[in-house]
Amino acid sequence: MPICEICSEDVASEAEMRTHLLLIHLENEMPCPFCSLSGVSYDELSLHINTAHAEMPSTSSVEGSVTHRGPACTENRGKRRTVTRKERHWAESLPPGTPSIQTLMPVAESSADASVGSVCGANSRPTTHSPESGTHTKNTKERQESLEEHVALKQKRLSSPLKEKLFPCPMCSLVCRDGLILQEHVELHLQEQTINEGAETDEVASASSMNTGANRYGCPFCSLSFPDGLSLQEHVELHLENGAATGEERSSSDLTLARQLQEEEEEKRKQQEAKREAEEFKKLQKQFGMDGSGGYRKQIERNMERAVSRGNMVPTEFHRKRAELMESLATGMDDGKTRTPGLMGALCDYFRREPRDTAHVWLSADTDHYSSSAGDKGWGCGYRNFQMLLSSLHKQEPYNNVLSDIPIPNIPRVQALIEEAWKQGVDPAGASHYNNRIQGTRAWVGTTEIYSLFTSLSANARVVDFHKATGQGGTHPHLFDWVKQYFSQSATRNGRLSPRVVQTSLPPIYLQHQGHSRSVVGLEQKRNGSLCLLLFDPGCSPSEMARLLEQDTAVVTIAIRRMRKFPNHLKHQQYQVLVVEGLLTPEQKQRQIANSRTFQAERIP
């Protein structure tokens, strides 16, 4: 009688053995003989046993149970189970000491072969019959009943709801419905085990650190910790002190930087201001003839050369005039080419003939007019006014006795006389303004330089400053009143009523304002009381001044009209006048020289 090698059940015949194996072992779900796992196929059970119960002897017993294999067994022996890529990856991730998939799968395959071999052995085993037929019949009947009962149970089981296959995790209580899911789950267990083994050291170190760092206080500024609050407080105070020191250093650094920037800005401003002042000074030097571009002689030669180049002068005439210039410069005397004499007598005759609306006229002593020439045009008005004033002094007592030895000098000689006055110590402040040198330049001169010159010649000069306007519209009525008082003082000394036209013995007045100077040779008062000055302007040419000498009254009237200046014509901000009032004794001269060191003009008002 055949016996099932799997469950050791007796089967009546070979056909029943096939049915038994098909129904009981191949199609049925097999339980694990070592644990409660059930509901798995034979291959899954073999994998489970070789994985979870590798140390159990079941594998060898299963393998050893295969003792007889027939042709079917030989055929199935070559059909070995193929190891999947996932199973190979799972086996590679197993920890050391765990049987690999290469050793597990053959076992499973051997177990499968064993079951198949059992079938083969059952099929190849010869049928034996006992001589005792009764006993055989009894056993056959019992087996038939058992088989029918098994078939009934099988049908009952098949008619019941299909039981799901469950796969419990060998490392935890998880149960899966799919073997692949269980395999991935076990892989996670193995990976976590590897990670946990590596992290155990860190956990131990952290635990020891936590144990040693219990009840410690961490610094809020750094990573240090302290066992008590007092130590932490001292440490934090050090942080704060260092921070305050750093803040002070930063503040000090910022202050230093700000000061440095301010100094650089101040230095830059000073440089710009110095540059601007230098440019303005150069402009003033050029304007006042101190730029080194030459003086009286060079200007005349340059003008004559220009005239030759334009064809206005032939070379022979150029050389003749240049020789005359050199001779005049050598003598130091003015050549008289710009001089116009006899003008004061002509003015006196005109006002006596044409009274019209004139109430009173005061005229200075006889004075010659000197015009600017090609050598001093644009800058020589101060020198020409000095020549006019000196020409008047030469014709009067007592000036004639002192100044007769000094004829009317030319402009280079006047510059030399001014430098000699500076050498005597007159007006050192004014001398420093010109660096004590004006010869060979086109330097402008004003009242202070003429004052120095007359002081050195022992003439008592006086400077009066009208430093601001005293009338409406920027006019200077005080200037006109002062000039009237100057000219009328000699006429009222006799106590008699002065005539309508008075020619005094007073020298003309040197009148200076910004950019120009002229000579006041008289004052005219209208019937309505208004005053007007009579001026000799160096800018007028000799031909224009000669019209005053004409017999034609209309021509003289036009010429005098150019001489008249009413208050509305004089609107500069400041005016200065210079007058000569007698001579100086040697003691007075030294005193005046000493006073000139702190020279200040008399101010009106």
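**Confidence, cores and the strands around β12**

In this predicted model, the mean pLDDT of the protein is 78, and 73% of its residues reach 70 or more. Some stretches fall well short of that mark. Over residues 57-133 the pLDDT is below 50, although this stretch still makes 91 contacts in the model beyond its near neighbours in sequence. The pLDDT is also below 50 over residues 157-163, a stretch with 3 contacts beyond near neighbours in sequence. A reader setting up calculations may like to keep both stretches in view.

Turning to the overall picture, the protein contains 21 helices and 15 strands. Of its 605 residues, 37% count as buried. The exposed surface of the protein comes to about 34800 Å², with carbon and sulfur atoms supplying 52% of it. Among contacts between residues at least 6 apart in sequence, 66% join residues at least 24 apart.

The interior comes next. In soluble globular proteins, nonpolar side chains tend to be buried together. Here the largest nonpolar core has 59 residues, and those with the most contacts inside it are F454, F536, L548 and L578. Once neighbours within four places in sequence are set aside, L578 is in contact with L389, T447, I450, Y451, F454, A461, R462, V463, I509 and Y510. One of these partners, F454, is itself among the residues with the most contacts inside the core. Apart from this core lies another, of 23 residues, which includes F466, L479, L531 and V577.

Strand β12 offers a pleasant case to follow residue by residue. This strand spans residues 531-536, and 6 of its 6 residues are buried. L531, L533 and L535 point one way from β12, whereas C532, L534 and F536 point the other way, and all are buried. Two residues of the strand have already appeared above: F536 has a place among the best-connected residues of the largest core, while L531 belongs to the core of 23 residues.

β12 also has strand partners. Strand β11 (residues 516-526) runs antiparallel to β12 and is joined to it by 6 bridges; within this pairing, S519 stands opposite F536. β11 and β12 form a hairpin with 4 residues between them, and G529 in the turn has a positive phi of about 95°. Strand β13 (residues 564-565) is likewise antiparallel to β12, with 2 bridges joining the two. In β13, K565 is the bridge partner of L533, a residue that is buried and points the way of L531 and L535 from β12.

Note on methods: Residues numbered from 1 in each chain as written. Predicted model: local features only at pLDDT ≥ 70, side-chain atom pairs only at ≥ 80, totals over all residues. Heavy atoms only, no water. Core = buried A, V, L, I, M, F, W, Y, C linked by side-chain atoms within 4.5 Å. Buried < 20%, exposed > 50% of the residue type's maximum accessible area, 1.4 Å probe, protein only. Contact = heavy atoms within 4.5 Å. Pairing = 2+ DSSP bridges. pLDDT = per-residue confidence, 0-100. Areas by Shrake-Rupley, 256 points an atom, 1.4 Å probe, with all protein chains shown as cover.
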